[in-house]
Each structure stands twice: as structure tokens, then as C-alpha cells.
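This report describes one protein chain, going from its strands to a few chosen residues.

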Amino acid sequence: MKELKASMAGTVLNVLAAEGQAITPGQAVLTIESMKMEIPVEAEIGGTVEKIHVEIGGFVNEGDLLITVGE
């Protein structure tokens, strides 16, 4: 099990992946708004999304857990 964490603080604008969905490295899985810019969050690893820990409109801090990815 791997964890995808926020690289910066911001508000979650979109969740582009769903639990149970297969993702590939480099695939955009979330969009975060930070300093009035929309920043895509890309998966660093491939696998299956096990759990999404954020919701649209929620605020995240740098280092917060966003998504848990399984093999």
C-alpha cells in the first residue's frame, strides 16, 4: 500500500479518480487550488485507488494524506 500526499497547501477543486479505479504513474488524480492557481496532482505510482481521504472543497496542508493506492 502506498500513500499519495499533498505537496502544498490548498483547496481540493476536483477529484479525478474513484475508489477501485486503476491509475498509472503521471495520471492526474486531483486538482488543488493554491495561490489562485489550479495545480494538478499526479500519481507517483500505479495501482488501484483503495481510499480517497479528501473531498471537493476541503482544505489540505502540505503532507496531508490524499489517496491510498494498493498494488
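The text below covers the annotated region, the strand pairing, the salt bridge and the surroundings of selected residues.

**Overall content**

The model is predicted. According to UniProt, in an unreviewed entry, the feature "domain: Lipoyl-binding" lies at residues 1–70. Over residues 1–70 the chain is 56% strand and 0% helix. The C-alpha atoms at the ends of residues 1–70 are 5 Å apart.

**The four-stranded sheet**

Four strands form an open sheet in the order β1-β8-β6-β3, and the pairing is antiparallel. At the edges of this sheet are β1 (2–5) and β3 (22–23), each of which pairs on one side only. The partner strand of β3 is β6 (residues 47–52): the two run antiparallel and are joined by two bridges. Within this pairing, I23 has G47 in β6 as its bridge partner.

**The salt bridge**

How many salt bridges does a search of the whole structure find? The search finds one. It links the side chains of K5 and E3, with a distance of 3.7 Å from N to O. Both ends have some access to the surface: K5 is partly exposed at 42% relative accessibility, and E3 is partly exposed as well, with a relative accessible area of 47%.

**The β4–β5 hairpin**

Strand β4 (residues 28–34) runs antiparallel to β5 (residues 37–42), and six bridges join the two. S34 of β4 stands opposite M37 in β5. The hairpin has two residues between its strands, and in it M35 takes a positive phi near 55°.

Three residues of β4 can be set beside a residue from the loop between β1 and β2 (10–15), namely S7.

| Residue | Relative accessible area | Class |
|---|---|---|
| T31 | 11% | buried |
| I32 | 2% | buried |
| S34 | 9% | buried |
| S7 | 58% | exposed |

Is S7 buried or exposed? S7 counts as exposed because its relative accessible area of 58% is above the 50% cut-off. I32 counts as buried because its 2% is under the 20% limit.

**Contacts of the β4 residues**

The contacts that follow leave aside neighbours within four places in sequence. T31 is in contact with T11, V12, L13, N14 and L16, and also with E38, I39 and P40. I32, likewise in strand β4, is in contact with G10, T11 and L13, with M37, E38, I39 and V41, and with V60. I32 and G10 are 22 residues apart in sequence, yet their C-alpha atoms are 5.8 Å apart in space.

S34 touches M8, A9, G10 and I39, again not counting residues up to four places away in sequence. What does the side chain of S34 reach at 2.9 Å? At that distance the side chain of S34 reaches the backbone oxygen of A9.

**The loop residue S7**

S7 also has a C-alpha distance to a residue far along the chain: S7 and L65 are 58 residues apart in sequence and 10.0 Å apart in space, C-alpha to C-alpha.

Terms used
Residues are numbered from 1 along each chain as its sequence is written. This is a predicted model: local features need pLDDT of at least 70, side-chain atom pairs count only at pLDDT 80 or more; totals for chains, interfaces and linings use all residues. Side-chain values use heavy atoms; hydrogens and water are left out. Two strands pair if DSSP finds at least two bridges between them. A salt bridge is a side-chain nitrogen of Lys or Arg within 4 Å of a carboxyl oxygen of Asp or Glu. Buried means under 20% relative accessible area, exposed over 50%, partly exposed in between (1.4 Å probe, protein chains only). Contact means heavy atoms within 4.5 Å. UniProt positions are given in the numbering used here, feature names are shortened, and annotations may be inferred rather than shown by experiment. A polar contact is a pair of N or O atoms within 3.5 Å; within protein, one must be able to donate a hydrogen and the other to accept it, and residues adjacent in sequence count only if both atoms are side-chain atoms.
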